[in-house]
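Reader: I would like to learn how to read the interior of a protein model, from its helices and strands to its empty spaces. Could we take the features in turn, with the general idea ahead of the particular case?

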Amino acid sequence: MKERIALQLGASPWQPSRSVRMVRELNFYDVPTEGVLRRRFSPSYYFFACIDGVASEYSLWVYAPIGWSEARQLKRLETTKLRNFEVGLLVNRPLLAVVASEQGGILHRVQVQVTEPLKVEEPRLAKTAWETVTQEIKAEAGAIERMAFC
């Protein structure tokens, strides 16, 4: 099992902690929106992507653990082959999803897993991740509310 990426609340999604560094930027829209991160002092690699809200106040990002050979393929592929390969990286592996804001960086994180094949144009991953994040935030808010009455 590959290690999960370390994320710090408030950090930029493309630089989620001091323990990782970007080794390859794959897409850019005002900020890096897709790329490969490598854990410092370790051979652990992660693919990250903004899957919703890139031009909005709040955005949804995912991080997938990948192997060295997958990181190398991401460096070599282009256009449609790259997009299809990226989609394959987000299926049948544990993903960490985060909600981030322009001003506040990473606000919330949650584990997500997509088990069905995705088509490049399908928003199913974003929908699943948003639903999981929303459920977890509501559960945490409910627990805090119940604690307030104690």
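Author: Let us begin with a helix, keeping in mind that this is a predicted model. In α2 the buried residues are Leu82, Phe85, Glu86, Val87 and Leu89.

Reader: Which elements cover the buried residues of α2?

Author: The cover includes the strands β1 (20-29), β2 (31-39), β3, β4 and β5, together with the helix α1.

Reader: How should I read the two faces of a strand, and what are the faces of β5 like, covered or open?

Author: In a regular strand the side chains alternate between the two faces of the sheet. In β5, Leu95, Ala97, Val99 and Ser101 lie on one side and Leu96, Val98 and Ala100 on the other, and all of these residues are buried, so that both faces are covered, a reading that rests on a cut-off of under 20% relative accessible area. Counted along the strand, 7 of the 7 residues of β5 are buried.

Reader: Which strands pair with β5, and in what sense?

Author: β4 pairs with β5 in the antiparallel sense over 6 bridges, and Leu60 stands opposite Val99 of β5. β6, which spans residues 105-112, also pairs with β5 in the antiparallel sense, here over 7 bridges, and Val110 in β6 is the bridge partner of Ala97. The connection from β5 to β6 is a hairpin of 3 residues.

Reader: Which residues have the most contacts inside the largest nonpolar core?

Author: That core has 22 residues, and those with the most contacts inside it are Val36, Phe47, Ile66, Leu74 and Ala97. At least two residues each come from β3 (45-52), β4, α1 (68-76), α2 (79-89), β5, β6 and α3 (124-148), with β4 giving the most, 4 residues. A second, separate core has 14 residues, including Tyr63, Leu96, Val98 and Ile106.

Reader: Which residues is Val36 in contact with, once its neighbours within four places in sequence are left aside?

Author: Among them are Arg21, Met22, Val23, Arg24 and Leu26, as well as Tyr45, Tyr46, Phe48, Ile66, Ala71 and Leu74.

Reader: Why does Tyr46 count as buried?

Author: Tyr46, which lies in strand β3, counts as buried because its relative accessibility is 1%. The C-alpha atoms of Tyr46 and Val23 are separated by 9.9 Å, although these residues are 23 residues apart along the chain.

Reader: How is empty space found, and how many cavities of 30 Å³ or more does a search of the whole structure find?

Author: Rolling a probe the size of a water molecule over the atoms shows where empty space is left. Here the search finds 1 cavity of 30 Å³ or more, and the largest cavity has a volume of about 60 Å³. Of the 11 residues that line it, Arg4, Tyr63, Pro65, Pro94 and Leu96 are the closest to its centre. β4 and β5 each supply at least two residues of this lining, and β4 gives the most, with 3 residues. By class, the lining of the largest cavity divides into 8 nonpolar, 1 polar and 2 charged residues.

Reader: What is the volume of the second largest pocket, and which residues are the closest to its centre?

Author: The volume of the second largest pocket is about 280 Å³. Its lining has 21 residues, of which Trp14, Val31, Val54, Ser101 and Glu102 are the closest to the centre. β4 (58-66) and β5 (95-101) each supply at least two residues of this lining, which by class has 9 nonpolar, 9 polar and 3 charged residues.

Methods:
Residues are numbered from 1 along each chain as its sequence is written. This is a predicted model: local features need pLDDT of at least 70, side-chain atom pairs count only at pLDDT 80 or more; totals for chains, interfaces and linings use all residues. Side-chain values use heavy atoms; hydrogens and water are left out. On a 1 Å grid over the protein atoms alone, a cavity is a set of points where a 1.4 Å probe fits but cannot get out, and a pocket is an open set with protein on both sides within 12 Å along at least five of seven lines; lining residues have an atom within 4 Å of a point. Grid points are joined across faces, edges and corners, and a volume is the space filled by probe spheres set on the points. Ala, Val, Leu, Ile, Met, Phe, Trp, Tyr, Cys and Pro count as nonpolar, Asp, Glu, Lys and Arg as charged, and the others, Gly among them, as polar. Buried means under 20% relative accessible area, exposed over 50%, partly exposed in between (1.4 Å probe, protein chains only). Two strands pair if DSSP finds at least two bridges between them. A nonpolar core is a set of buried Ala, Val, Leu, Ile, Met, Phe, Trp, Tyr and Cys residues joined through side-chain atoms within 4.5 Å. Contact means heavy atoms within 4.5 Å.
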